[in-house]
Every structure is written in structure tokens, then in C-alpha cells.
Amino acid sequence: MPDKPSKVAIVGAGSVGATIAYACLVRGVAKDIALFDTNAAKVEAEALDLNHGLQFVPMATLEGSPDVEVCRGADVVVITAGAKQKPGQTRMELAGANAAICRDMVPKLLAVAPEAILLLVTNPVDVITYVTLKVSGLPRARVFGSGTVLDSSRFRYLIARRLRVAVQNVHAYIAGEHGDSEIPLWSSATAGNVPLHAWAVQGHGKLTVRDRTEIFQDVKNAAYQIIQGKGATNYAIGLATARILEAILHDENRILPVSSLLDDYHGIGDVCLSVPCIVNRTGVDAALPIPLNEAELAGLRNSAETIRNAIRSLGF
Ligand code: NAD
């Protein structure tokens, strides 16, 4: 059965927002795509450039405007607006400025798209997701962040490369903050059906403790490295966000480590962070009861505390 025509509005037409729009067009994620940015020249130029490629992608329309009206009737609003990390800066350092932008913008967005699911990408994404949830008054299912979907795909790529297997056959998650306190869930990671701690396949190596340390360091430092080199990360977050949007609009019940409000998850609550969750047309559904070893649980609690402290410092 064909999906009903759907509309995605993307707020912020910077490196991330414009690349999400591009990925959505190429993958045919939605029938209508709207780009909204306060910088009129930028959003109009991005829309023009994207529209010039419409001939080569699945049928869609794309509109860009500095007027929030362009977001009217959106099924999902993706928020990427705000400051980005400068070289060496942490995501948490963006909290105050970006929370203020969200506080101002969310009521305006809901006035034109009252039924929308809000998908946060702006950093620090866990903090901004919590702030948006509180400011909007929406149910938890309708407000969530891209979280560690990107970090987990970096993780899977690095594991796959070491083991010389397809990245699609690696199932491994980064959980917690999308940021410095995030944690790798090694104990539940598999390639094919084989737990990674038991992986020993001739010609495809095994992961030593040193390999694991290096892989996780590379995941954690990936954004710093990319920002140092080119000023922003955009392609992988564009594809990751398009994938989350597909899970929503195509009602896929896909398991993704998005950032959502937890309620007594292994004893953690009243904070937004990433654990694998089911994502469908209602938004973010249940968090999976993944098994955690002691170190992972301690890491997740520490990450929750880091995010909670940042939320409290903003007066929430
Ligand atoms: P950018 O500076 O290129 O773009 C930000 C855009 O937001 C600008 O075009 C600006 O005009 C616009 N903007 C600012 N205030 C606005 C408002 N009130 N309404 C509408 N538009 C507004 O930055 P970027 O590289 O696109 O990054 C955007 C955000 O995404 C940053 O916070 C960055 O840290 C974050 N990010 C998150 C992830 C993730 O995995 N969650 C990955 C990469 C980047």
C-alpha cells in the first residue's frame, strides 16, 4: 500500500539541515520537503540548488523560506538550527545558546505544525531534546533526538572494517550522551549472530582490548577530527537523519538508538539520552531492555548525570 503524502520540515539550512534535505530527496523519504532558516539568502540559495536536482530523484517538492509558514502541516519537524562546535569546543558548550533558540522557536513551529513529531539534531542533542519536550508540553513519543544513531554507525563502521565484514552485519550500539560521556555497549555487540567477545574467524581476526579502546576513542573523537578538517560534520548525520525519518513516516518499527525521555530505565529517569528504541509513525516507542554489564550500567548512569547537570544549569 503506498504511504500517504508526507511532509518533512527542516529548521536550519546550514551544513546539517541542507544535507538532511539532500539525503531525504535522494532516498525519496517524503513527498514534500520544507527548509526554514532565518538567513533568507542562505535558505533560498540552498532551496534553489536542491530544486535543480529534482529531475534526478524520486518525485518530491522542496520549498525554502525565511518564513516559518513554510513548515505548515509538516508531519515531522527536524530541528538543526543553532550554533555548531568550533574546533576543540565540546557539544555541551553550545547548550545555553541553542536552548534559547529552541525556547523561542518551538511554539512558533507548533503553531503551524501542531500534529508534528519533533526530531532534534541541534547539539547538545540530549539537552536540547529535554528542553524541547518541556517547552512544547508534547508527549514523550513525539519529541526525540537523533542521539547516538550517528555515533553507532561510526562504531559499526570501525568494527566492520577491523573484522572485514559488511557494516550491515554488525549490530553494536553507542548509548548515553551524544558526546563525551557516551559509552560503547560491547557486551551485547554481535557480527552475524556471533557475540563480538567470542568472534575469532580465520582471515577476519578478532578484537583485542587495544582494538576496542582504539575503536571507541575514534568514535568519540570523530566529530572533533572532522570539524578540525572541514568545519562541520554533515554527510553521515544527513543519512542517519533520513533513516530516522523513514522509520517514522513509513511506520517501520525500526530499532534505533535515538535520544528520548527515560522513565526508570535500569533505574534512570527524567533525562533524555540514547538507548536502542523502537521508532514508528507514533514517534519513539518502547526502549529495549538491553542487557548491560556492570561497567556499562555505571557508564550509562554517569552519562545520565552529565546530561542532567547540563539540564539543571539551564534552569530546568
Ligand atoms: P550551521 O551553522 O551550518 O547551520 C545552522 C543554521 O541555523 C544557520 O544557517 C542559521 O542561520 C540557522 N539558524 C540559527 N538560528 C535559527 C532560528 N532561530 N531559526 C531558523 N534557523 C536558525 O551549523 P550546522 O553544521 O548545520 O550544525 C547545526 C547543528 O547541528 C549544530 O548544533 C551542530 O552541533 C549539530 N549537529 C548535530 C549532530 C548530531 O549527531 N546530533 C551532528 C552534526 C551537527
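The numbered points below describe a predicted model of a protein with a bound ligand.

1. Surroundings of the ligand. The ligand is surrounded by 27 residues. V16, D37, A83, V121 and N123 are the closest of these residues. By character, the shell around the ligand consists of twelve nonpolar residues, 13 polar residues and two charged residues.

2. Helices that contribute to the shell. Two helices, α1 (residues 15-27) and α3 (residues 95-112), each supply at least two residues of the shell around the ligand. The largest share comes from α3, which provides three residues. A reader who wishes to locate the ligand in the structure may therefore begin from the parts named here.3. Polar contacts of the ligand. Which side-chain contact does N123 make with the ligand? An N or O atom in the side chain of N123 is 2.9 Å from an oxygen atom of the ligand. A nitrogen atom of the ligand lies 3.2 Å from an N or O atom in the side chain of S146. The backbone takes part as well: a polar backbone atom of G82 is 3.4 Å from an oxygen atom of the ligand. Of the 870 Å² of accessible area that the ligand has on its own, the protein covers 86%.

4. A cis peptide bond at N123. N123, one of the closest residues to the ligand, also precedes an unusual bond. Most peptide bonds are trans. The bond from N123 to P124, however, is cis, and its omega is near -5°. P124 itself is found in the loop between β5 (residues 117-120) and α4 (residues 125-136).

5. A positive phi at R164. Most residues other than glycine have a negative phi. R164 is not a glycine, yet its phi is positive, at about 55°. This residue is placed in the loop between α5 (residues 149-163) and β7.

6. The sheet that contains β7. Three strands, in the order β7-β10-β11, form an open sheet with antiparallel pairing. Why does one side of β7 and of β11 lack a neighbour in the sheet? β7 (residues 170-171) and β11 (residues 194-195) stand at the edges and each has a single partner strand, so one side of each is left free of a neighbour in the sheet. β7 is joined by two bridges to β10 (residues 190-191), and these two strands run antiparallel. Within this pairing, T190 in β10 is the bridge partner of H171.

7. A second open sheet. Another three strands, in the order β12-β15-β16, form an open sheet, again with antiparallel pairing. The edges are held by β12 (residues 254-256) and β16 (residues 283-287); each has a single partner strand, so one side of each has no neighbour in the sheet. On average, neighbouring strands of this sheet are turned by 40° against each other, with direction ignored. β12 pairs with β15 (residues 277-280) over three bridges in the antiparallel sense. In this pair of strands, I255 stands opposite I278 of β15.

8. Salt bridges. How many salt bridges does a search of the whole structure find? The search finds 13. In one salt bridge, the side chains of E246 and R27 meet, with an N to O distance of 2.8 Å. E246 belongs to helix α7 (residues 235-249) and R27 to helix α1, so this pair ties together parts that are 219 residues apart in sequence. As a general principle, side chains of opposite charge can pair when their charged atoms come close.

9. The loop that holds E93. E93 lies in the loop between β4 (residues 76-79) and α3. The side chain of E93 reaches the backbone nitrogen of T90 at 3.0 Å. From R210, E93 is separated by 117 residues in sequence and by 31 Å in space, C-alpha to C-alpha.

Technical notes: Residues numbered from 1 in each chain as written. Predicted model: local features only at pLDDT ≥ 70, side-chain atom pairs only at ≥ 80, totals over all residues. Heavy atoms only, no water. Near = heavy atom within 4 Å. Polar contact = N/O pair within 3.5 Å; in protein donor to acceptor, adjacent residues only side chain to side chain. Areas by Shrake-Rupley, 256 points an atom, 1.4 Å probe, with all protein chains shown as cover. Helix = DSSP H or I, 4+ residues; strand = E, 2+ residues; numbered from the N terminus. Nonpolar A, V, L, I, M, F, W, Y, C, P; charged D, E, K, R; others polar. Pairing = 2+ DSSP bridges. Axes fitted to C-alpha atoms, helices over the stretch in contact; angles between N-to-C directions. Salt bridge = Lys/Arg side-chain N within 4 Å of Asp/Glu carboxyl O.
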